[in-house]
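I opened this notebook to record what I looked up, taking sheets, aromatic pairs and one arginine in turn.

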Amino acid sequence: MPRTVPIERVRNIGIMAHIDAGKTTTTERILFYTGVLRKLGEVHHGTAVMDYMEQERSRGITITSAATSCVWGDTTINIIDTPGHVDFTAEVQRSLRVLDGAVALFCAVGGVEPQSETVWRQAEEYKVPRIAFVNKMDRVGADFSNVIDMMEERLKARPIPLQIPIGSGESFAGIVDLITMKAIAFDDDSLGVQFSEGEIPDAMRAEAEQYRERLVEAAAEMDDDLMMRYLDGEALSEDDIRGAVRNATINVRFIPVLCGASFKNKGVQQLLDSVVQYLPSPVDVGSVRGYDPKTEKALTRAPKDEEPVAALAFKILTDQFVGRLTFIRVYSGVIQSGGVLLSVASGKRERIGRLLRMHADSREEISEAYAGDIVAVVGLKTTRTGDTLCDQKHQILLERISFTDPVIDQAVEPKTRADQDKLSQALLKLTEEDPTFRYHVEDETGQTIISGVGELHLEIIVDRMVKEFGVGVNVGKPRVAYRETISTELRHEEKFVRQTGGKGQFAHVILEYAPRENGAGHKFENAISGGDIPKEFIPAVEQGVFEALQNGPIAGYPVVDVGVRLTGGSFHEVDSSELAFKIAAVSATREALHRAKPILLEPVFEVEVLTPEEYLGEVISDLNSRHGKIEGISQRAGAQVIKALVPLALMFGYVTQLRSLSQGRASYSMKFSRYEKAVKSPFGAVSA
């Protein structure tokens, strides 16, 4: 069955922003105007279609990235509504990896907030073309030009407005389109479905001309022919400007900026027009790159149905009706329901049970998925987040998605024996879904420890265990996931000798250990010369070293940033074995870690506090008491913004303390920065 929509008329976009900038509300309006929804849902009423999890509706925030499809004119738009809270950054990350374009939402009052910066940097990393939408122009304190300034200053972006607002706050009446130079007014009775174009108000004419000149100048820079015509004093047509803006957007030369108020149904239809006009189709993005898993030769796949199949699994979800859902982006080829593909990571064949086009938590069954599509697959057993699915005869491995490591732990234990089995199943499914969530069972205590990227992250995980999986659990207090490292260089020699009557075991290694830069990771170097140790035993030495680095001498946390050189040793022609060399390396490393002045590292977070000026002194004093390093203080929207680096161990319970200090008027956000030497070890002194 041939595709109904040409690939040039497909847009795969994400909506990304800081928490509470209006992402989900904007998506609801898009679905309403495209005819997917008959009536509007609201986040604050708990009726938003895209927030379909119980935890999302009760908290009024987005936790998982929800996928939906709609049609605007002759274009199919696949949308992923991503979370804004920093604890769920992985959801944004994996979405950006498979999207062709993004709409960056900014609150007209808050401007560029911390999570806006985080997702912007991720979009930069993946080179995702963006358009910006300044939302909430109807709010008191809305300031369009301030958001433009903040984009330049904080994001180092080049924002070029295509629209400017008519008024702000309660007087926000519509927008001026700088390409057509018309004022657009929205009809409240039809929920913004009806709108009219008119003349620009006289009071705004000069401002509009100024912004228009800036837009035309930026457009002319995109094309030599346009530049010559512009310099010759020729007026550029609307089509000239739109073509230049599209070129600039796709090549990330500048960021087109729109404005509106999604909650008041103003500006969303123009945003849809801009998504179609300026953001790229899969064809504009071009071929996806990968390599042959056997030869490691570089390969590409063009976004064409005739090419061999290449797809990337970017999300796994447990659905109560159909079971395990794997969301995939099809980069090339056609995937058919009932067909078989290769999951490259596991090397196993996967049967495509059913193909579903998702609309939040409802679904439409389809028989085929084409190049450029984003769909959900039922029936995949071994495929994980970031895995490549491809044609068995034309194998390709696409770049995996990398995620941050967990920094916070919590002990959980089942309430009854019946809960024990349920807990194991729930943990397996949750780790499949969420690549930033991990768990392990401690050998000594038998406790199950869950690990995540923040307090809210673990809170949601526990909530889901109880409500979705029906597990009764007792929960311990959150605790910091520390790391360990060494602070001095050391040379250590180790011999492993065992005689048991028959064939014995013998291994002799000389290893040098040295600390590396923060975040540099481990490095193993084979500096053996003259064949002191045969080549076949070297991998066993490396394996033994890395195994020993999993448990540090201070409190058993993983050891990081250590360089190890194998400089010498000896072997026995009969008694030496891989096992003997591995055991020798493990023993050598454990002993060396104790002697190399080990230190404890703790996760340090970037904290940003927004507070009214009258509470500034108390907030700074409290951050100082938490060993926070104040990095800067600035003004935003009439309030003071404090940036600080604070150890995570001293941030537990901060939300309650901040409310108390500011009478509930201050807010904060935090994100992981790096590991640093612990200010105070909770494990006491360590003997060298």
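Before reading any strand pairing, I note the criterion: two strands count as paired if DSSP finds at least two bridges between them. I also note that what I am looking at is a predicted model.

**Entry 1: the mixed sheet.** I began with an open sheet of four strands, whose order is β31-β32-β34-β33 and whose pairing is mixed. At its edges I found β31 (490-498) and β33 (523-526), each of which pairs on one side only. Ignoring direction, I read an average turn of 25° between neighbouring strands of this sheet. I then followed β33 to its partner β34 (residues 562-570), and the two pair in the parallel sense over four bridges; within that pairing, Glu525 has Arg565 of β34 as its bridge partner.

Next I asked which helices pack on this sheet. Helix α13 (residues 538-548) does so, touching β32 (505-515), β33 and β34, and its direction makes about 155° with that of β33. Helix α14 (residues 578-595) also packs on the sheet, where it touches β31, β32 and β34, and its direction makes about 35° with that of β32.

**Entry 2: the antiparallel sheet.** I turned to another open sheet, in which four strands follow the order β7-β8-β9-β10 with antiparallel pairing. Here β7 (163-166) and β10 (195-198) are the edge strands, and each has a single partner, so one side of each is left without a neighbour in the sheet. The twist from one strand to the next averages 30°. Looking at β7 in more detail, I found that it pairs with β8 (residues 174-177) in the antiparallel sense over four bridges, and that Gln163 has Asp177 in β8 as its bridge partner.

**Entry 3: aromatic pairs.** The count of aromatic pairs comes to nine. I looked up Phe106 and Trp120, whose ring centres are 6.1 Å apart and whose planes stand at 45°, so I entered the pair as tilted. Phe106 belongs to strand β4 (residues 101-107) and Trp120 to helix α4 (residues 114-125), and the pair links distant parts of the chain, 14 residues apart. Are these two rings' residues buried or exposed? Phe106 counts as buried at 1% relative accessibility, and Trp120 is buried as well, with a relative accessible area of 3%.

I then moved to Tyr482 and Tyr557, an edge-to-face pair at 5.7 Å centre to centre with 65° between the planes. Tyr482 sits in the loop between β29 (479-480) and β30 (483-486), while Tyr557 sits in the loop between α13 and β34, so this pair ties together parts that are 75 residues apart in sequence. Tyr482 is buried, with a relative accessible area of 7%, and Tyr557 is buried with a value of 14%.

Two further points went under this heading. Phe605, Phe672 and Tyr675 form one aromatic cluster. Returning to Trp120, I found Arg130 lying over the face of its ring, at 4.6 Å from the ring centre.

**Entry 4: Arg154.** I closed with Arg154, which lies in helix α5 (residues 144-155). Which backbone oxygen does the side chain of Arg154 reach? I found that it is that of Val112, at 3.0 Å. Leaving aside neighbours within four places in sequence, I listed the contacts of Arg154 as Val112, Glu117, Glu608, Ser634 and Arg636.

Definitions and conventions: Residues are numbered from 1 along each chain as its sequence is written. This is a predicted model: local features need pLDDT of at least 70, side-chain atom pairs count only at pLDDT 80 or more; totals for chains, interfaces and linings use all residues. Side-chain values use heavy atoms; hydrogens and water are left out. A polar contact is a pair of N or O atoms within 3.5 Å; within protein, one must be able to donate a hydrogen and the other to accept it, and residues adjacent in sequence count only if both atoms are side-chain atoms. Contact means heavy atoms within 4.5 Å. Axes are lines fitted to C-alpha atoms, for helices over the stretch in contact, and angles run from 0 to 180 degrees between N-to-C directions. Rings of Phe, Tyr and Trp (its six-membered ring) pair if their centres lie within 6.5 Å; planes under 30 degrees apart count as stacked, over 60 as edge-to-face and the rest as tilted. Buried means under 20% relative accessible area, exposed over 50%, partly exposed in between (1.4 Å probe, protein chains only). A charge sits over a ring if NZ of Lys or CZ of Arg is within 6 Å of the ring centre and within 35 degrees of the ring normal.
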